[in-house]
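Let's go through this one in a few quick questions and answers. Have a look first.

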Amino acid sequence: MDKVEIKPGIYWVGAIDWDLRDFHGYTTDRGSTYNAYLIVDEKVVLVDTVKKPFFDEMLSRIKEIVDPARIDYIVSNHVEMDHSGSLPLMLDVVPNAIVLASPRGKKGLVRHYKKELNLKVVESGETLKIGERTLQFVHIPMVHWPDSMVTYVPEEKLLLPNDAFGQHLATSERFDDEICWDILREEAAKYYSNIVLPFGGQVGKALEALSGLEIDMIAPSHGIIWRTWLPRILEEYKKWSSHETENRAVIVYDTMWGSTELIARKLEEGLREAGIPTVKRSLKVSHTSDVMADVLTSKLVLIGSPTINNSMLASMGGFLTYMKGLKPLNRIGFVFGSYGWGGQAIGHMEDIVKELKWEMPLESINIKFVPDEDELDKVRQIGFELGKKVKE
Ligand code: FEO
């Protein structure tokens, strides 16, 4: 795979990680890419680097274009090691290159690599003329780290936003119109729901700050480059960042001896009767990071676990801890479960829903041991009632 010229004189020189399946706890079934970009002007600029094991791959692509010794600047839009991991190795090749980073980026890079870097801090809005082109830096704190910034090239209408608009997707194609939109949307949604979701307010501000810029290409640090589906992905980001959902439901649960599973099935039946598209996710077989992609778009989230040792199953405890950290807002919540004697799981699950400030319009279901036919029929009716609430 060669370098790819994405605009005249601007190249993708990143790396493809076909085998990545776990990105700090997020399952990446389609692998990922670490995108770095080389801008060749009077000055030569490398924007971001790649994860450390992929340094040689990036360097070989740079060598196809210029002698790496010609690099004048390395922009570090974001400190996380999937983008800065190769920075120390790159500086061994070009020791005189100046690293450009936000103030927090500088602090983060020093903490990561424990050495003084030839580094210049760039303020938000600052510009740097590199020949015919200009680089403009805009800080986007907490999208998704405090150090995060974007680099904008006005003459090319090109935005290099690092993680924002990314997808974990390993492909030999580099552009959105070379891949089916549904796959891109699915991976962008999974990425947003697992990485960016807690920072909706900051994403909204970043979108506002960027709205005044003329942009015809967004080249993120993971996955494909947006050039055709820009309006669609921007529209999705607007929805996701404002916690806008669809009239859909996700039932996430685990079961011990099958009673909570029976309740989940009946709830799903009721929701289906009410005409609400519903996904049923057993935590025995579904990964939390996949469930979060359903939570991203679902107005109704149903949470179920039996009681065990005065609490819920550990799988549900793990899921709720993860989801609480990602802070999806403005949902309708519903809690259900089964128990033998104490029944405390319900209260613990409700506590999380309350912390997220979700509405809970209907009382939780907590059934002793095994539900009977009458109880299951009532559960189905509750599913139907919940479906009506979704449509209100
Ligand atoms: Fe792709 Fe926040 O690193």
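**Strand E8 and Arg331**

Val44 sits across from Ile71 in E9. This is a predicted model, where local features need pLDDT of at least 70, side-chain atom pairs count only at pLDDT 80 or more, and totals for chains, interfaces and linings use all residues. Residues are numbered from 1 along each chain as its sequence is written, and side-chain values use heavy atoms, with hydrogens and water left out.

Q: In which sense do E8 and E9 run, parallel or antiparallel?
A: Strands are DSSP runs of at least two residues, E, and helices of at least four, H or I, numbered from the N terminus. Two strands pair if DSSP finds at least two bridges between them. E8 has four bridges to strand E9 (residues 71-75), and the two run parallel.

Q: Which residue in E8 does Leu38 stand opposite?
A: Strand E7 (residues 37-40) pairs with E8 over four bridges, in the antiparallel sense. A hairpin of three residues links E7 to E8. Facing Leu38 in E8 is Leu46.

Q: How far from Arg331 is the nearest side chain of opposite charge?
A: Arg331 lies in the loop between helix H10 (314-326) and strand E22 (332-339). Arg331 is buried (under 20% relative accessible area, 1.4 Å probe, protein chains only; exposed is over 50%, partly exposed in between). It has no salt bridge, meaning no side-chain nitrogen of Lys or Arg within 4 Å of a carboxyl oxygen of Asp or Glu. With Lys and Arg counted as positive, Asp and Glu as negative, and His and the chain ends not counted, that side chain is Glu246, at 9.6 Å.
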